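Colleague: Please take me slowly through one part of this structure, starting from a single side chain and working outwards from there. I am still learning to read models, so spell out each step of the reasoning.

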Amino acid sequence: MELNEKITRKRTNGDIQEFLLRCCRPEDLEAILTLQTLVKTSLGGYGEIFVEDTREELAESLELDCCIGAWADGKLAAFTLSIANRISDRNLARKLGVADEGLADYVTYDTTFVHPDFRGFGLQQYFMPLKDRDARERGASYALCTVSPDNPHSLYNTQATGFQVVRRCTMYGGVDRFILEKSVGQGG
Ligand SMILES: CC(C)(COP(=O)(O)OP(=O)(O)OC[C@H]1O[C@@H](n2cnc3c(N)ncnc32)[C@H](O)[C@@H]1OP(=O)(O)O)[C@@H](O)C(=O)NCCC(=O)NCCS
């Protein structure tokens, strides 16, 4: 997907911020890892709601998947990642029992994190139609994601953009998660 866009976003308190959105490249890996660590640390005792991707997973995704960054004043402020509709253990459809032949129908919205200084500009929701567009371009029909039942902000944002809970299970080595699904087909 081609993406290189300047957007201006407003918080409910009136703050205004400009972001540059573009697809991430392999050379962005260190900035993504640094932001991911900062976000995880900022959650303190609530860390279980956010499971980090490994360096290897992020490096793989920068080659194969849809990785979008939002830069504010030249620094990475937010990141989101959709795993392509490919045969992989990272394709969440496997967790729902979909066989390899069916995985091309499903993308996985794997992670989104926003620097604490840039929360409240609605970036998680803004990213959604961009990932939907990428999913359609790749020929997928459905998107899946996981959200912790204890993560009200992420749960609100995913449901507000069309996702519905289809299952609740223990994942990622022992944490509670909803699996959510939505259609991304034409008009979906
Ligand atoms: C979930 C997350 C991506 C949402 O970021 P966002 O898109 O900037 O959030 P929104 O713009 O929807 O925020 C809406 C409101 O909730 C508040 N909010 C958002 N995330 C919050 C958080 N983690 N803690 C407290 N308040 C938060 C915002 O300040 C805003 O408040 P306001 O309406 O009074 O202005 C962000 O909180 C985050 O990075 N969390 C940690 C990582 C995570 O849980 N990722 C999702 C699972 S992969």
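Modeller: Let us begin with the side chain of Asn85, which reaches the backbone oxygen of Arg138 at 2.9 Å. Please keep in mind throughout that what you are looking at is a predicted model. The same side chain of Asn85 also reaches the backbone oxygen of Ala104, here at 2.8 Å. If you now look for Asn85 along the chain, you will find this residue in the loop between strand E4 and strand E5, the latter running over residues 106-114.

Is Asn85 buried or exposed? Its relative accessibility is 14%, and because buried means under 20%, Asn85 counts as buried. Setting aside residues up to four places away in sequence, Asn85 touches Asn91, Leu103, Ala104, Tyr106, Val107, Arg138, Gly139 and Ala140. Ala104 and Arg138, whose backbone oxygens were mentioned above, are therefore both part of this list of neighbours.

A second loop can be read in a similar way. Arg11 has its place in the loop between strand E1 (4-10) and strand E2 (16-23), and at 18% relative accessibility this arginine counts as buried. Its side chain reaches the backbone oxygen of Asp117 at 2.8 Å, while the backbone oxygen of Arg119 lies 2.7 Å from a polar atom of the Arg11 side chain. When neighbours within four places in sequence are left aside, Arg11 is in contact with Asp117, Phe118, Arg119, Gly120 and Phe121.

Phe121 leads us on to the ligand, since a backbone N or O atom of Phe121 lies 3.5 Å from one of the ligand's oxygen atoms. A backbone N or O atom of Val114 lies 2.8 Å from an oxygen atom of the ligand, and for Asn151 it is a polar side-chain atom that lies 2.8 Å from a ligand oxygen. Taken alone, the ligand exposes 880 Å², of which the protein buries 71%. There are 18 residues around the ligand, and those that come nearest are Thr12, Thr112, Val114, Gly122 and Asn151.

From Asn151 we can move on to helix H4, which covers residues 152-160 and in which Ser154, Leu155, Asn157 and Thr158 are buried. Looking down the axis of H4, you would see these buried residues fall within an arc of 165°, and so they line one face of the helix. The face of H4 turned away from that buried side carries the exposed residues Pro152, His153 and Tyr156. What the buried residues of H4 pack against is helix H3 (123-137), strand E6 (142-147) and strand E8 (175-183). Just after H4, Gly162 takes a positive phi of about 105°.

Strand E8 also holds Ser183, which at 38% relative accessibility counts as partly exposed. Ser183 and Ser141 are 42 residues apart in sequence, yet their C-alpha atoms are 5.8 Å apart in space.

The same reading of faces can be applied to helix H2, where Leu58, Ser61 and Leu62 are buried. These three cover an arc of only 105° around the axis, which puts them on the same side of H2. The exposed residues Glu56 and Glu63 sit on the face of H2 turned away from its buried side, and what covers the buried residues of H2 includes H1, E3 and E4.

In soluble globular proteins, nonpolar side chains tend to be buried together. Here the largest nonpolar core has 18 residues, and Cys24, Ile32, Leu58, Phe79 and Phe113 are the ones that touch the most other members. At least two residues of this core are supplied by each of helix H1 (29-42), helix H2 (55-64), strand E3 (66-72) and strand E4 (75-83), with the largest share, five residues, coming from H1. Ile32 shows what such a position looks like: apart from neighbours within four places in sequence, Ile32 is in contact with Cys24, Leu58, Leu62, Leu76, Phe79 and Phe113. Apart from this core lies another, of 16 residues, among them Cys66, Ala70, Ala77 and Phe121.

Terms used. Residues numbered from 1 in each chain as written. Predicted model: local features only at pLDDT ≥ 70, side-chain atom pairs only at ≥ 80, totals over all residues. Heavy atoms only, no water. Buried < 20%, exposed > 50% of the residue type's maximum accessible area, 1.4 Å probe, protein only. Helix = DSSP H or I, 4+ residues; strand = E, 2+ residues; numbered from the N terminus. Arc of directions from axis to C-beta. Contact = heavy atoms within 4.5 Å. Core = buried A, V, L, I, M, F, W, Y, C linked by side-chain atoms within 4.5 Å. Near = heavy atom within 4 Å. Polar contact = N/O pair within 3.5 Å; in protein donor to acceptor, adjacent residues only side chain to side chain. Areas by Shrake-Rupley, 256 points an atom, 1.4 Å probe, with all protein chains shown as cover.
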